[in-house]
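Here's a short set of exercises to work through with the model open in your viewer. Have a go at each task before you read its solution.

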Amino acid sequence: MAPLKAGTLAPDFSLPSTPDQKVSLSELRGRPVVLVFYPADWSPVCSDQLGLYNELLAEFSEFEAQIIGVSVDGIWCHLAFCKDRKLRIPLLADFEPKGAVARAYGVYNEKAGEADRALFVLDPEGVIRWTYVSPVGINPGADGILKALASIAQHRSGTMPPQSNPLPVKEDA
Amino acid sequence: MNGSATLTPPVSGRDHAQGRADALVTLVEYGDYQCPYCGAAHPVVKRLECAFGNKLRFVFRNFPLTQAHPYAMVAAEAAEAAALQGKFWEMHDLIYENQGNLEPDILPAWAQRVGLDLQEFGTAIKQGEITKRIKEDRNSGIRSGVNGTPCFFINETRHDAPPDYDSLRAGLEEQMT
């Protein structure tokens, strides 16, 4: 299973974010979206990763980006996890049918029954502009996400010549 | 690209460093004073410094996780204010050695204990320069691919193995051969 590549329209989905609410990707058109697939709530690396992004919400909002976490954990698990870690990032439950969204993005690990640790940065039209799959034990940090967001913002403000291809992530953006 | 997270910017004269600038290897830590894992890494760094002597230079940069740790910022400010009086490492060590007692009200007493001029200490914290410096550290950490705390870099490359003595020692030795 290969992760969806930059340049692909991100498949829409609708997943529960709380016991009585759902979030659809299509509702978020008009602003960049950072999709964070991760294996499981509570495991140490994931917690560090989401904790780090939680610290960087101000940086993400400078790009008007919405960050979303997705794992196969159920909604009650997400709620307890968010409360414990004081997370202000919506966590969606890819729980039933299990892992369907992770599969659609090509980042489902059949053997483990969990999502891979994968990042997708979408532009305001919902097109994937940057994809990164991290080794499961390694927390990828936020530099790649922020570079991708900066690149999208630059591209849209017309300060960069239009590019026909997936936006290269500028090293010094 | 994330696989080879690189320290940005490299170590310079603005950094707090222990050891010689021409040491064989430089170890950089991005740390948070209230983070228990950084607290656990503190004696590990001391042990590495003992083991490697002047072959090793150690640099500390601030990466306060203020959402998770409400006192991380005031502690970082205290250490930076101490730095202005030439006592960064004294304050740094004192905070980590007494991490369990860290709270904002205790910091002036600690400042006194390391021999700081309290009035100067207080004034420095009220001015914006220290906060600016901490932010610069934090932003450099984000650019460098810091992915949690503590986050170590050995000669500018992120150390992705656990931050324990054996793994850091092995990482440092690899750079010395």
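**Exercise 1. Work out how strand 1 and strand 2 of chain A pair, and over how many bridges.**

Start with the ranges: strand 1 of chain A covers residues 14–18 and strand 2 of chain A covers residues 21–24. Strands here are DSSP runs of E with at least two residues, helices are runs of H or I with at least four, and both are numbered from the N terminus. Next, the pairing: the two strands run antiparallel over four bridges, where pairing takes at least two DSSP bridges. For a register check, A:Pro16 sits opposite A:Lys22 in strand 2 of chain A. Finally, the link between strand 1 and strand 2 of chain A is a hairpin of two residues.

A word on the ground rules: this is a predicted model, so local features need pLDDT of at least 70 and side-chain atom pairs count only at pLDDT 80 or more, while totals for chains, interfaces and linings use all residues. Residues are numbered from 1 along each chain as its sequence is written, and chains are lettered from A and ligands numbered from 1 in the order in which they are written.

**Exercise 2. Find which elements of chain A supply at least two residues each to the side that touches chain B.**

First, count the contacts: 19 residues of chain A meet 15 residues of chain B, a contact being two C-beta atoms, placed from the backbone, within 7 Å. Then sort the chain A side: helix 1 (44–55), strand 9 (128–134) and helix 5 (143–156) each supply at least two residues. Helix 1 of chain A gives the most, with six residues.

**Exercise 3. Lay out the sheet of chain B: what is the strand order?**

Begin with the inventory: chain B has seven helices and five strands, in the pattern β-β-α-β-α-α-α-α-α-β-β-α. The five strands make an open, mixed sheet ordered 1-3-2-4-5. Strand 1 (16–18) and strand 5 (157–158) of chain B are at the edges with a single partner strand each, so one side of each has no neighbour in the sheet. Now look inside: strand 2 (residues 25–31) and strand 4 (residues 151–154) of chain B run antiparallel, joined by four bridges. Last, helix 6 (residues 129–144) of chain B lies across strand 2, strand 3 (56–62) and strand 4, at about 110° to strand 3; axes are lines fitted to C-alpha atoms, for helices over the stretch in contact, with angles from 0 to 180 degrees between N-to-C directions.

**Exercise 4. Is B:Tyr30 buried or exposed?**

Place the residue first: B:Tyr30 belongs to strand 2 of chain B and stands opposite B:Cys151 in strand 4 of chain B. Now count: B:Tyr30 has 27 C-beta neighbours inside 10 Å, so it counts as buried. (The cut-offs are 20 or more other C-beta atoms within 10 Å for buried, 12 or fewer for exposed, and partly exposed in between, with C-beta atoms placed from the backbone.) Then list partners: leaving out residues up to four places away in sequence, B:Tyr30 touches several residues, among them B:Arg61, B:Phe63, B:Gly141 and B:Val146. B:Phe63 is 33 residues from B:Tyr30 in sequence, yet their C-alpha atoms are 5.5 Å apart. Zooming out, buried residues make up 42% of the 177 residues in chain B.
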